[in-house]
Amino acid sequence: MEPADNEPQLPVGYDESQLPPGVRAELKGVNKQMATVIGGHLQAAGELVDIDPDLALRHVMVARRLGSRLPVVREMAAEVAYAVEAFSTALTEYRALHRMTGNDDYLPVIADCERAVGKHQNALRTLRDAQQARLSPAQRIEAVLVEAGIREDLGQRPEAARLLKQAIGANQGGHQEQARLRVAYANLLASNGQVEQALEWLASARKHDRNDVLGVDALIAVLRGEEIEPESDEFEIMDVEEYHPDPGEDSDGDLLPEDAITTHGAQDLDENSVTEDPETEMGDEKGE
């Protein structure tokens, strides 16, 4: 099959065995020639996503066009688009996946994409749907993190803090989820100028993130003004996505009215709400 003029060339040396088992299984449902083309583009996208994001996205979108009825293809298209910050495309793909599979675990990432393209009220509506859904424990934490980010964007910092501290205090999720919640709360404190308190919460996060998957050590070094490795020198305290969607893309109707959002104002975090000992306040280390 010859590629269109604007399509990337298939990679040389396509190896079906390099694809995840789920992808290989679904590709058996299409003819062998088409499966080879789709698989080749998916393999290229996976290999290029960290090297050449634009080319990776072009490859995965070819696979998506050819295999649009295959959920695993749509999922990889969504994941690559999300990874390269093509959030409008990711939103379209994740919504399609939710319709195709009925899996509500996609709702938090759908809300995050809506947030990234500036549809904050739509994102809150999606999260309200998620509250009624049967999410996995990890995705329930994801929903909390996304809503906290939305509230911060909307200037509702106390509400963002309340959501994070409530999830921490309830000891929701496992160690990694608790680490993520603590990092998010530390970021909130740091953005409010409460550096010492933020460092305490990062130290708490590090106890849960035992292999430093989240790079907590680097975050602590930044707040302390210490030298960090070159690959970490672009660290930003708050993870705010700067994205400007195509005005013609992905219009999905009216937004919720402004009064649909609970307004808490943009006041600073209450100093009295920050403990000197995060572990003692939350009591989450009991039994460990």
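**Helix packing and a pocket around H8**

In this predicted model, helices H8 and H9 pack with their axes 7 Å apart and at an angle of about 165 degrees. An angle over 145 degrees counts as roughly antiparallel, and H8 and H9 are therefore roughly antiparallel to each other. The crossing in which H8 passes H9 is left-handed. On the H8 side the contact is made by Val144, Leu145, Glu147, Ala148, Arg151 and Glu152, and on the H9 side by Arg157, Glu159, Ala160, Leu163, Leu164 and Ala167. Sorted by class, the residues of this contact comprise 7 nonpolar and 5 charged, with no polar ones.

H8 also packs against helix H6, which spans residues 107-116; the axes of H6 and H8 come within 9 Å and cross at roughly 15 degrees. Because that angle is under 35 degrees, H6 runs roughly parallel to H8. The crossing of H6 and H8 is left-handed. Here H6 contributes Pro108, Ala111, Asp112 and Arg115, while H8 contributes Gln139, Glu142, Ala143, Val146, Gly149, Ile150 and Asp153. The residues of the contact of H6 with H8 divide into 5 nonpolar, 2 polar and 4 charged.

From these contacts we can turn to the second largest pocket, which holds about 240 Å³ of space. Its lining draws at least two residues from each of helix H7 (120-131), helix H8 (137-153) and helix H9 (157-169), and H8 gives the most, with 4 residues. The residues that line this pocket are Leu127, Ala130, Gln131, Leu135, Arg140, Ala143, Val144, Glu147, Leu163, Gln166, Ala167 and Gln172. Val144 and Glu147 are among the lining residues and also belong to the H8 side of the contact with H9, and Ala143, another residue of the lining, takes part in the contact of H8 with H6. By class, the lining has 7 nonpolar, 3 polar and 2 charged residues.

Further along the chain, helix H11 (residues 195-208) and helix H12 (residues 216-224) form another packed pair, whose axes come within 10 Å and cross at roughly 165 degrees. That angle makes H11 roughly antiparallel to H12, and H11 passes H12 in a left-handed crossing. In this pair, Val195, Ala198, Leu199, Leu202, Ala203, Ala205 and Arg206 of H11 meet Val216, Asp217, Leu219, Ile220, Leu223 and Arg224 of H12. The residues of the contact of H11 with H12 divide into 10 nonpolar and 3 charged, with no polar residues.

Key: Residues numbered from 1 in each chain as written. Predicted model: local features only at pLDDT ≥ 70, side-chain atom pairs only at ≥ 80, totals over all residues. Heavy atoms only, no water. 1 Å grid on protein atoms, 1.4 Å probe; cavity = no way out; pocket = protein on both sides within 12 Å on 5 of 7 lines; lining within 4 Å. Points joined across faces, edges and corners; volume = space filled by probe spheres on them. Nonpolar A, V, L, I, M, F, W, Y, C, P; charged D, E, K, R; others polar. Axes fitted to C-alpha atoms, helices over the stretch in contact; angles between N-to-C directions. Parallel < 35°, antiparallel > 145°, perpendicular 65-115°, else oblique. Left-handed = near helix turned anticlockwise from the far one by under 90°. Contact = heavy atoms within 4.5 Å.
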